[in-house]
Amino acid sequence: MYHCVYHLLGIPQHTLNMAGSPVATVVPPLAQSVQEMSMNGNEPPPQYFLKENSIQPMDSFLPSDLIPIIDISLLSSSSSLSSKGGEEELQKLKSTLTSWGCFQAVGHGLSSSFLDKVREVGKQFFALPVEEKEKYSRATDGIEGYGNDPILSENQVLDWSYRLFLRLQPVDQRKLRLWPENPTEFREVLDEYGTKVKIIMDVLFKAMAKSLNLEENSFSSQFGERAVMQARFNFYLSCPRPDLVLGVKPHSDRSGITVLLQDKEVEGLQVFKDDKWFRVPVIPHALVVNLGDQMQIMSNGIFKSPIHRVVTNSERMRISVAMFNEPEPEKEIGPMEGLIDEKRPRLYRDVKNYASFNFECFQKGVVPLESAKI
C-alpha cells in the first residue's frame, strides 16, 4: 500500500539535500499560477495530473460516517478518566488509533468563536494582493513562509494549493519576518492557537500512554524539552479538473501528532483505510487529529499513521490549518520498552532527526516507515 502512494510523489533522488531542503534545479516555470488558472477556469497542465499508478482514481463511494469522534473532555484529568465515561472513551481512543489512526476531536475546550477567528485570519491573509503575500515568501531552498510546492523535477506531481508554513516552537526559532503583519491580529491569534493546541496534544499524549498501560509521560518524554511545533495554513482554490488534480497528494505525516482545523463548510480531506478512501466530514467546531509516523514508531506499530489526501472542488475554495508536533531533531526516538515482548517483538529501530530521515528515504525511493523497520 505505502509503495504505490509514494510512487505518486515523483521526486527524484537528486532534488533534495541531506537536510531535507529542496536543491535548486533548472525546471521550466509554469505558464500560469494556480490562482490564475483557477480564476480563469483554465485546464491545469499535466504536472498537476494524478499518475496512473496512484492508489486509486477518485472513488465514487466514499462513506463519511465512520470516522470516529472522541470527546477530549473525558480524557483531560485523572478524575474524568476514572469515571465510567472516561474509561469507555479511553478504550475507544485506543481502538480508534489502532485501526484508523485519526479521529474528530470534540470537547477540546476551544470556543467556536475562537476557531472561527483562526480560520478568518487565514482567509484574510490569502485574500491579500499577490505582491503583499509574496513579502512572506519562502526562500528557494527553504520550507517556511508563503508559496506552493517547489518544482524540483519535470516528473513531479504538483499540489493545487498555496501554503503558509511557520514554526511556533521553540519560540527562539520563530522567523518572525515570515509571520504576516496583515491582518493585524494574525500573529496574536496564531500564538494563542498554538498554545491551546499544545495543551490538547499533551492531554492526548497522556491518554494514549494510559490506554496502553504505560506511565503517562512515556510518549511526551520522547519529544524532549525543545519539541517542535509548526503551523501550516492551507488554501485550496477551485479547480476545473477535480477528477484529475489533488489539493495534496497522498502521504502520511512525519509528525508525532497533527491537529487540523478544517474549513467550516467545504469538505476535502480523505483518509485511506482498507483499500478505500473515506471522506472526513465537516464538523464545524471539531478538530481532526491524526497520528504521524513518529507515533507509529513509538507505539511499536500499535497505533497507525494514516495515509491521507486532499481533493479539489470545481466550485468552491477551501481553507484549513494544520498544527504539527515533532520531537526535537537530535532527540532519538524509538518503540517504548513496555510495548515490546515475545508476542510483539520490536518492529522499529531508534531514529533521530526524522524530518531529514524522511527526506533521505524519498531520495532513495523508499517509504520512511518501512525503512525504519528492523
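This passage walks through a predicted model of one protein, from its overall make-up to a cavity, some salt bridges and two buried residues.

Starting with the big picture, the protein has 374 residues, and 54% of them are buried. Its secondary structure comes to 10 helices and 12 strands. When contacts with a separation of 6 or more are taken together, 76% of them are between residues 24 or more positions apart. As for the outside, about 16400 Å² of the protein is exposed, with carbon and sulfur atoms supplying 50% of that area.

Next come the spaces inside. There are 5 cavities of 30 Å³ or more in the model. The second largest of these is the one followed here, and it holds about 150 Å³ of space. Its lining is made up of 17 residues, and those lying nearest the centre are Arg232, Leu260, Leu269, His308 and Ala322. Sorted by type, the lining has 8 nonpolar, 6 polar and 3 charged residues. Several strands take part in building this wall: E5 (228-236), E6 (246-251), E7 (257-261), E10 (287-291), E11 (307-311) and E12 (318-326) each give at least two residues to it. Strand E12 has the largest share, with 4 residues.

Two buried residues give a closer look at strands that help line this cavity. One of them is alanine 231, which sits in strand E5. With a relative accessible area of 1%, alanine 231 is buried, because anything under 20% counts as such. Its C-alpha atom is 6.4 Å from that of phenylalanine 324, even though 93 residues separate the two along the chain. Setting aside neighbours within four places in sequence, alanine 231 touches Leu164, Phe165, Leu166, Leu168, Leu190, Ala322 and Met323. Ala322 turns up again here, having already been listed among the residues nearest the centre of the second largest cavity.

The other is valine 288, which belongs to strand E10. Valine 288 is buried too, at 4% relative accessibility. Here the partner from far along the chain is phenylalanine 103: the two residues are 185 apart in sequence, yet their C-alpha atoms are separated by 5.8 Å. Beyond its neighbours within four places in sequence, valine 288 is in contact with Phe103, Gln104, Thr258, Val259, Leu260, Gln262, Leu269 and Val280. Of these contacts, Leu260 and Leu269 also appear among the residues nearest the centre of the second largest cavity.

Now for the charged pairs. The model contains 20 salt bridges. One of them joins the side chains of glutamate 43 and arginine 241, with an N to O distance of 2.9 Å. Glutamate 43 is in the loop between helix H2 (34-40) and strand E1 (69-71), while arginine 241 is in the loop between E5 and E6, so this pair ties together parts that lie 198 residues apart in sequence. Both partners are partly exposed: glutamate 43 has a relative accessible area of 46%, and arginine 241 has 24%.

A second salt bridge runs between glutamate 265 and arginine 316, whose closest N and O atoms are 2.5 Å apart. Since glutamate 265 is in the loop between E7 and strand E8 (269-273) and arginine 316 is in the loop between E11 and E12, the pair ties together parts 51 residues apart in sequence. Glutamate 265 is exposed, at 56% relative accessible area, whereas arginine 316 is partly exposed, at 39%.

A third salt bridge brings together the side chains of glutamate 330 and lysine 352, at 3.6 Å from N to O. Both residues sit in the loop between E12 and helix H9 (354-364), and the pair links distant parts of the chain, 22 residues apart. Glutamate 330 is exposed, with a relative accessible area of 54%, and lysine 352 is partly exposed, with 45%. Some salt bridges also share partners, and in this way Glu43, Arg241 and Asp243 are joined into one network.

Notes
Residues are numbered from 1 along each chain as its sequence is written. This is a predicted model: local features need pLDDT of at least 70, side-chain atom pairs count only at pLDDT 80 or more; totals for chains, interfaces and linings use all residues. Side-chain values use heavy atoms; hydrogens and water are left out. On a 1 Å grid over the protein atoms alone, a cavity is a set of points where a 1.4 Å probe fits but cannot get out, and a pocket is an open set with protein on both sides within 12 Å along at least five of seven lines; lining residues have an atom within 4 Å of a point. Grid points are joined across faces, edges and corners, and a volume is the space filled by probe spheres set on the points. Ala, Val, Leu, Ile, Met, Phe, Trp, Tyr, Cys and Pro count as nonpolar, Asp, Glu, Lys and Arg as charged, and the others, Gly among them, as polar. A salt bridge is a side-chain nitrogen of Lys or Arg within 4 Å of a carboxyl oxygen of Asp or Glu. Buried means under 20% relative accessible area, exposed over 50%, partly exposed in between (1.4 Å probe, protein chains only). Contact means heavy atoms within 4.5 Å. Accessible areas come from the Shrake-Rupley method with a 1.4 Å probe; for residues, only the protein chains shown count as cover.
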